[in-house]
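Grab a pencil and open the viewer. Below are some short exercises, each followed by a worked solution.

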Amino acid sequence: MKRALVPGTFDPITAGHLDVITRAAMIFDEVVVSVAASKKKGPLFSLEERVELVREAVSDLENVRVISFDGLLVDCARIHDAHAVVKGLRVVTDFEYEFQMTAMNYELGPNLETFFIMSPPKYMYLSSSVVREISSMGGDVSKFVPPCVDVALKKRFGLE
Ligand code: PNS
């Protein structure tokens, strides 16, 4: 069984995240979307809300399940018996950050492989933070997020 983690803060999950998860699910037997607590980032949505939104967004992908974690990614991988991590790679600015995390994860867990999936051009500049900002100012983000997230953002920012 080839099992991969797709980790992230998912605050909130976007169409770009969903694209990476879907592609990973076509390559690996099982994908475990791992929602990080990321307390230091002061997320807009609570961990429970983020997990629920990801669960709803991936509900039609049979070999994908969703968990939360609050600690090291390498420990999460060990607990869930995963030997691979899959992340999306967008614009070049992602590279330095991802490179550092990958290098540290190789040190902490030498048996954990990290794979990157290039985002298709339409998602190259999409991020949760841009989605949060546009939505907080009353802009329409329905093209960039799953329907459940669109509803949750409108509720959060009182746009209904
Ligand atoms: O969506 P994000 O915020 O870019 O995801 C970052 C995430 C959650 C994958 C990363 O912060 C992470 O792996 N956190 C767990 C803590 C950890 O393992 N840190 C050491 C690696 S440098």
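Before you start, keep in mind that this is a predicted model.

**Exercise 1. Find which residues aspartate 19 touches, leaving out residues up to four places away in sequence.**

Step 1: Skip the sequence neighbours and look for what is left: aspartate 19 touches Pro120 and Tyr123.

Step 2: Now place the residue. Aspartate 19 sits in helix 1, which covers residues 15-27.

Step 3: Is aspartate 19 buried or exposed? Its relative accessible area is 15%, and buried means under 20%. Aspartate 19 therefore counts as buried.

**Exercise 2. Work out where serine 34 sits and what its surroundings are.**

Step 1: Start with the secondary structure: serine 34 belongs to strand 2, residues 30-36.

Step 2: Check the accessibility. Serine 34 has a relative accessible area of 0%, so it is buried.

Step 3: List the contacts, ignoring neighbours within four places in sequence. Serine 34 meets Leu5, Val6, Pro7, Gly8 and Phe10, along with Ile67, Phe69 and Cys76.

**Exercise 3. Describe how strand 2 and strand 3 are arranged.**

Step 1: Follow the directions of the two strands. Strand 3 spans residues 64-69, and strand 2 pairs with strand 3 in the parallel sense.

Step 2: How many bridges are there between them? The answer is six.

Step 3: Pick out one bridge as an example: valine 32 has arginine 65 in strand 3 as its partner.

Step 4: Add the helix. Together with helix 2 (residues 47-57), strand 2 and strand 3 form a β-α-β unit, and that unit is right-handed.

**Exercise 4. Explore the surroundings of the ligand.**

Step 1: Which residues are the closest to the ligand? Of the 14 residues that surround the ligand, the closest are Thr9, Lys41, Gly71, Leu73 and Tyr97.

Step 2: Look for polar side-chain atoms facing ligand oxygens. For lysine 41, a polar side-chain atom is 2.3 Å from an oxygen atom of the ligand. For threonine 9, an N or O atom of the side chain is 2.6 Å from a ligand oxygen. For tyrosine 97, the distance between such a side-chain atom and a ligand oxygen is 3.2 Å.

Step 3: Finish with the area. The ligand taken alone exposes 550 Å², and the protein buries 76% of that.

**Exercise 5. Hunt for unusual backbone angles in the loops.**

Step 1: Try the loop between strand 1 (3-8) and helix 1, where you'll find proline 12. The peptide bond joining aspartate 11 and proline 12 is cis, with omega about 0 degrees.

Step 2: Move on to the loop between strand 2 and helix 2, which holds serine 38. Serine 38 isn't a glycine, yet its phi is positive, about 45 degrees.

Step 3: Go to the loop between helix 3 (73-79) and strand 4 (84-89), where aspartate 81 lies. Aspartate 81 is another residue other than glycine with a positive phi, near 50 degrees. Its relative accessibility is 47%, so aspartate 81 counts as partly exposed.

**Exercise 6. Locate glycine 109 and say how far it is from aspartate 29.**

Step 1: Glycine 109 lies in the loop between helix 4 (93-108) and strand 5 (113-118).

Step 2: With a relative accessible area of 12%, glycine 109 is buried.

Step 3: Along the chain, glycine 109 and aspartate 29 are 80 residues apart, and 21 Å separates their C-alpha atoms.

Note on methods. Residues numbered from 1 in each chain as written. Predicted model: local features only at pLDDT ≥ 70, side-chain atom pairs only at ≥ 80, totals over all residues. Heavy atoms only, no water. Helix = DSSP H or I, 4+ residues; strand = E, 2+ residues; numbered from the N terminus. Buried < 20%, exposed > 50% of the residue type's maximum accessible area, 1.4 Å probe, protein only. Contact = heavy atoms within 4.5 Å. Pairing = 2+ DSSP bridges. Right-handed = clockwise from strand over helix to strand, strands pointing away. Near = heavy atom within 4 Å. Polar contact = N/O pair within 3.5 Å; in protein donor to acceptor, adjacent residues only side chain to side chain. Areas by Shrake-Rupley, 256 points an atom, 1.4 Å probe, with all protein chains shown as cover.
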